[in-house]
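Student: Could you take me through one part of this model closely? I would like to follow the sheet strand by strand, and then look at what else is there.

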Amino acid sequence: MKGVLLVNLGSPESPTAKDVKPYLDEFLMDKYVIDVPFLLRALLVRGIILQTRPKKSAAAYAKIWWDEGSPLVVISKRMHAKVKQLVNVPVSLAMRYGNPSLLSGLQELHDQGVNEVLLFPLYPQHAMASTTTILELAEEHRKKYFPEMNFTIVPAFYNKPDYLQNLADSIKGHLKGYDYDHLLFSYHGIPERHIRKTDITKSHCKIDGSCCNTPSPAHEFCYRHQCYETTKQVVKLLGIPEGKYSQTFQSRLAGDKWLTPYTDVEVNKMPEKGIKKLAVVTPAFVSDCLETLEEIAMEANHEFKAHGGEEFLAIPCLNDSDAWCNTVSNWITEWVAVEKTNA
Ligand SMILES: C=CC1=C(C)c2cc3[nH]c(cc4nc(cc5[nH]c(cc1n2)c(C)c5CCC(=O)O)C(CCC(=O)O)=C4C)c(C)c3C=C
Ligand SMILES: [Fe+2]
Ligand SMILES: [Fe+2]
C-alpha cells in the first residue's frame, strides 16, 4: 500500500532558551549541516555556539511565535490537513528536527499498512543541509525499523512549471497595488564548501559568474544553480525587466565563506542606489518561518528603513494556499497513478 511523508525542517518546542538549546543541538550537530569531523563539530557547537545562541535565537523566535505554536510547524500542519483531503492515500507529516519526528511519521504510515512511501522533502532547491539529511535519516530508520518499506523520493522542484506558476501568481497577487522599485529574491545561504561537496562531476562548480549558467549534470544537486533557475523562471513568468530584480542569500553563520551576495549587505546598500520601495520574496522556503518572519519581515525591513528606504514588503511563502496544496496533491496523485500503471 502507498503513502506519503511530507517533511519540513522543524522548530523548537517553545521560544525559550531551554527548548531552543536541544533543538539547535540536534540541528547543528547534524553532519550534513555543520560538515566537519565529529569532535570539531562538538567543540564548535557545544563548546561555542550553544553557549550563547539559544538565548539570542529564543528572543527571535518569541517575536514571531503564534498562539498555536511555531509558524513553520503550524503552517505545515495546515498544509498537511488540506493535502490529506485531496488525495486518496495516507499522508503523514514529519519534521527533520524536533516534532513530529521523522520516525513517528514513518511509524504512522507503517501502522496504516503503508510499505511504498513517497518521501517528500518540502524544499524547492536541493541542499545537503536540507534534503540529503532527510533522506539519510529516513533510510537509517527504514533499515532499522521498517525493512519492508520502499522509498520513492520527490526531487527538488525548483524548476517544476506548476510550482513556478504558483510562486509567480503569489508574487503577482502580493505586488498588486504596490508600485515597487525592486524585487529581491532572498534564499537561505549555505557555505560554499557545500556546493563543491554536492558537485557530482567534482569539477564543474567554481562558484563564479558562469558555472551555474553552463549546462552540467552537477546542476541536479547544485543549490546555487537551482536558486538562480527559480529566480530566472519566475522573473520570466512575471515579465520583470533586468535591473528591477536581484538575488541574494541570507542567514549565514560566522566562520565559513557562504554564498554571496549577502541579503543584509545588499538590502542596506539599496536606498543609496535609489531603491526606496522594496519587495522581498523568499523562495527557499515553502512555509513562513523564523528566517522569513523575523530576519526578513522584521530585521531586513528595519535595516532597509534605517538606511533610507521608505517602504518594505515581505511577500509570504506559499504556505497552505489552495494553489500550492493543489499542486502538491496533483504530484502525489500522479505518483500514485504511475505506481499503479507499473504494478
Ligand atoms: C550551518 C548552519 C546552517 C545551514 C547550512 C543551514 C541550511 C539551511 N537551512 C534551511 C532552512 C531553515 N533554517 C532555519 C533556521 C536555522 N538555520 C540555521 C543554520 C543553518 N541552516 C540555524 C542555526 C537556524 C535556527 C535559528 C537561528 O538560530 O538562527 C529555518 C527556520 C526554522 C524555524 O523554526 O522557523 C529554516 C526553515 C535550509 C532550506 C537550508 C539549506 C538550503
Ligand atoms: Fe537554516
Ligand atoms: Fe554552479
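Tutor: What follows is a walk through the sheet, then the annotated site, then one helix.

This is a predicted model. The mean pLDDT of the protein chain is 96, and 99% of its residues reach 70 or more. For the complex, the predictor gives an ipTM of 0.95 and a pTM of 0.96.

The sheet is an open one, made of 4 strands in the order S2-S1-S3-S4, with parallel pairing. Strand S2 (91-95) and strand S4 (150-153) stand at the edges; each has a single partner strand, so one side of each is left without a neighbour in the sheet. On average, neighbouring strands of this sheet are turned by 30° against each other, direction ignored. As background, strands of a sheet pair through backbone hydrogen bonds, either parallel or antiparallel.

Take the pairs one at a time. S1 and S2 run parallel and are joined by 5 bridges; Leu6 has Leu93 as its bridge partner in S2. S1 and S3 also run parallel, with 6 bridges between them, and in S3 the bridge partner of Leu6 is Phe120. Strand S3 (residues 116-121) is then joined to S4 by 4 bridges, again in parallel. Here Leu118 has Thr152 as its bridge partner in S4.

Two helices can now be added. Helix H4 (residues 102-111) packs on the sheet and touches strand S1 (2-8), S2 and S3; its direction makes about 165° with that of S2. Helix H5 (residues 128-145) packs on the sheet as well, touching S1, S3 and S4, and its direction makes about 155° with that of S3.

Back to S1, which is mostly covered: 7 of its 7 residues are buried. Lys2, Val4, Leu6 and Asn8 point one way from the strand, while Gly3, Leu5 and Val7 point the other way, and all are buried.

Next comes the annotated site. An unreviewed UniProt entry lists His188 and Glu291 under "binding site". They span 104 residues in sequence, yet no two of their C-alpha atoms are more than 8.0 Å apart, so they gather at one spot. His188 is found in strand S5, and Glu291 in helix H10 (residues 290-306). A residue counts as buried if 20 or more other C-beta atoms lie within 10 Å of its own. His188 has 27 other C-beta atoms within 10 Å, so it is buried. Glu291 has 23 within 10 Å, so Glu291 is buried too. Leaving out residues up to four places away in sequence, His188 touches Gln250, Ser251, Ala284 and Glu291. With the same exclusion, Glu291 touches His188, Gln250, Ser251 and Phe285.

The last piece is helix H8 (residues 223-238). At 1.5 Å a residue, its 16 residues should span 22 Å; the end C-alpha atoms are 23 Å apart, which agrees. Buried residues in H8 include Tyr223, Arg224, His225 and Gln226. Further along the helix, Cys227, Glu229, Thr230, Thr231 and Val234 are buried as well. What covers the buried residues of H8 includes helix H6 (161-175), strand S5 (182-188), helix H7 (192-197) and strand S6 (245-250). S5 is also the strand in which His188 is found. Just after H8, Gly239 takes a positive phi of about 65°.

Notes
Residues are numbered from 1 along each chain as its sequence is written. Chains are lettered from A and ligands numbered from 1 in the order in which they are written. This is a predicted model: local features need pLDDT of at least 70, side-chain atom pairs count only at pLDDT 80 or more; totals for chains, interfaces and linings use all residues. The expected span of a helix is 1.5 Å times one less than its number of residues. A residue is buried if 20 or more other C-beta atoms lie within 10 Å of its own, exposed if 12 or fewer, and partly exposed in between; C-beta atoms are placed from the backbone. Two residues are in contact if their C-beta atoms, placed from the backbone, lie within 7 Å. Two strands pair if DSSP finds at least two bridges between them. Axes are lines fitted to C-alpha atoms, for helices over the stretch in contact, and angles run from 0 to 180 degrees between N-to-C directions. UniProt positions are given in the numbering used here, feature names are shortened, and annotations may be inferred rather than shown by experiment. pLDDT is the predictor's confidence in each residue, from 0 to 100.
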